Amino acid sequence: MHSAADTTWTAQVVSAGRKYTAETAPVVNPARTGEIVGTYALAGSRIVDEVVRNAQAAAAVWGPLSGAERGRLLHAAADTLEQDMASRAELLTREQGKVLWESRLDVGGAPALLRYYAGVAPAVDEETVVRDARGTTVIRRLPMGPTVVIVPWNYPVYLCMMALAPALAAGNPVIVKPSEFAPLALTETLRLLASTLPDGVVNVVPGLGSEAGAALVSHPGVRKVLFTGGTESGRAVLRGAARNITSVSLELGGNDPAIVLDTAAVDDRLIREIRRSVYTCAGQVCFNIKRLYVQRGVYDEFVDAFRQAVDEIVVGDGLDPASTIGPLNNERQLASVTALLEATRGAGARVDVLGRAADDADWDQGYFMLPSVVTGLPHDSALVSREQFGPTVPVVPFDDVEDAVRMANDTEYGLAASVWSEDTEHALAVGRGIAAGSVFVNSHRVGSSDMTMPFGGMKHSGLGRNHGMWAIDECSELQALSHRPDTSAFPGPPVR
Ligand code: NAD
């Protein structure tokens, strides 16, 4: 067994127990950039061809199993994934940067999601039978075939499982393309998973998005792509999938607004909930709050209390128990958030840089950034209109609720949103006006959405819905099997 502190981790190609050789690239610890945590294979189109063939062969074994049989195998796989989660969580913090409890949540999500869809799997076989005077139609779900799951770096294990578990339950073999910025803990998780299932049912192809990712989405043997990542990459995936009319579901970026009404109780709970929503994972969660609209009557009180709470944040190595947030995941992300903040300062906004560095943080050796709160900026500034994906948030005052809803909707995104008020009925009514896939009242963070609620984005935030049976239907073909002996009532001109 590896200890997470080994520097020997490699994310290799996993497919049908075979060995594949490829060049490798390093994975750097974002809290100590001099430390190489491991390497990942740079798979190209030759390896992609072979892995797709393995998945096609596995489709002939996995697809015909009953849902109940697949469920039994997935339950057993979840048992395996529950072992030694602590070392995979530590590894995830070393490659991703986030604090250890978040990595535990991420890694712990894998067996939990697998178990949930193991329980759902028997329902995949349920057929709807429609009988009427003309005959009978059976509506049934069929697996689609080799399914590609493309994963981002912020919550790699959990987000992969959110797509992979329903795809497997629905009878599809899966090929995962991890992010080049956090491939290690995910590949290790999937290596374990693959070892418990028939050969070729779970495959991993590490590599670059522009090479391994692009080759997978445009491959004629792939029938479904489940993509989670940025909106620009989502567009490239759609273009690649167009070649073979491959079905695509997209979970993309968000620029989530939160509207705090005059009727909100600006107390400790509200302030801490909103702080948690903004700064979790150093602001790098797709449905973190990214913009705050606060009604004038509580604006000053809110901003004062919020700045004080944000000032308690301690930034450092995610493995240091003193840290409340870790560094940003990579240099590109740090440069992008820094540039947004500089542009905002240049436009005359007030940027309060708060919190402090952990005593042990090697500040110049990590992609660290202190949390900030930005006020005095117009609604059309870039920090408001773009997804910042970092530990900062703009706070914009408003007078009329209609204006707040208009500003909340004035975005290309539509992933999630929240309304905060003691008047729940009013908050729910305001929420009805917001164009987002999920709208929460008095909460807005990991845990706010669950399997009983469809999850996905409107507008440029995505295509399709995850969770529950919605996720099963995203990766199933629906077939109508119909026998209607009496065609006399069908429309059409009389046949002479
Ligand atoms: P990204 O788009 O840069 O990369 C995501 C994945 O796509 C990586 O594995 C990458 O290698 C791959 N990829 C990139 N270009 C590709 C191409 N042309 N073809 C195939 N694959 C390609 O995103 P990121 O920087 O890893 O993640 C951050 C983004 O993801 C943010 O915008 C965030 O909001 C979004 N996100 C969305 C959700 C959601 O559920 N809606 C969840 C997490 C993250």
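Helices here are DSSP runs of H or I with at least four residues, numbered from the N terminus. The model is predicted.

**View 1. Ser277 in helix α9.**
Ser277 belongs to helix α9, which covers residues 268–279. Relative accessibility of Ser277 is 1%. Buried means under 20%, so Ser277 counts as buried. A polar atom of the Ser277 side chain lies 3.1 Å from the backbone nitrogen of Ile289.

**View 2. Cys281 and Ala282 in the loop between α9 and β12.**
Cys281 lies in this loop, which leads to strand β12 at residues 289–295. Ala282 is found in the loop between α9 and β12 as well. Most residues other than glycine have a negative phi. Phi of Cys281, in contrast, is positive, near 55°. Phi of Ala282 is also positive and near 55°. Are these residues buried or exposed? Cys281 is buried, with a relative accessible area of 3%. Ala282 has a relative accessibility of 3% and therefore counts as buried, the limit being under 20%.

**View 3. The ligand in its pocket.**
The ligand sits in the largest pocket. Three elements each give two or more residues to the shell around the ligand. They are helix α7 (209–217), strand β9 (224–228) and helix α8 (231–242).

**View 4. Residues around the ligand.**
How many residues surround the ligand? The number is 30. Lys177, Glu180, Ser233, Leu252 and Glu387 are the closest. What is the make-up of the shell around the ligand? Its residues divide into 15 nonpolar, 10 polar and five charged.

**View 5. Polar contacts of the ligand.**
Ser233 makes its contact through the side chain: one of its N or O atoms is 2.6 Å from an oxygen atom of the ligand. Val151 uses its backbone instead, with a polar atom 2.8 Å from a ligand oxygen. For Gly209, a polar backbone atom is 3.3 Å from an oxygen atom of the ligand. How much of the ligand does the protein bury? Taken alone, the ligand exposes 850 Å², and the protein buries 91% of that.

How values were computed:
Residues are numbered from 1 along each chain as its sequence is written. This is a predicted model: local features need pLDDT of at least 70, side-chain atom pairs count only at pLDDT 80 or more; totals for chains, interfaces and linings use all residues. Side-chain values use heavy atoms; hydrogens and water are left out. A residue is near a molecule or strand if one of its heavy atoms lies within 4 Å of it. A polar contact is a pair of N or O atoms within 3.5 Å; within protein, one must be able to donate a hydrogen and the other to accept it, and residues adjacent in sequence count only if both atoms are side-chain atoms. Accessible areas come from the Shrake-Rupley method with a 1.4 Å probe; for residues, only the protein chains shown count as cover. On a 1 Å grid over the protein atoms alone, a cavity is a set of points where a 1.4 Å probe fits but cannot get out, and a pocket is an open set with protein on both sides within 12 Å along at least five of seven lines; lining residues have an atom within 4 Å of a point. A molecule sits in a cavity or pocket if more than half of its atoms lie within 2 Å of its grid points. Ala, Val, Leu, Ile, Met, Phe, Trp, Tyr, Cys and Pro count as nonpolar, Asp, Glu, Lys and Arg as charged, and the others, Gly among them, as polar. Buried means under 20% relative accessible area, exposed over 50%, partly exposed in between (1.4 Å probe, protein chains only).
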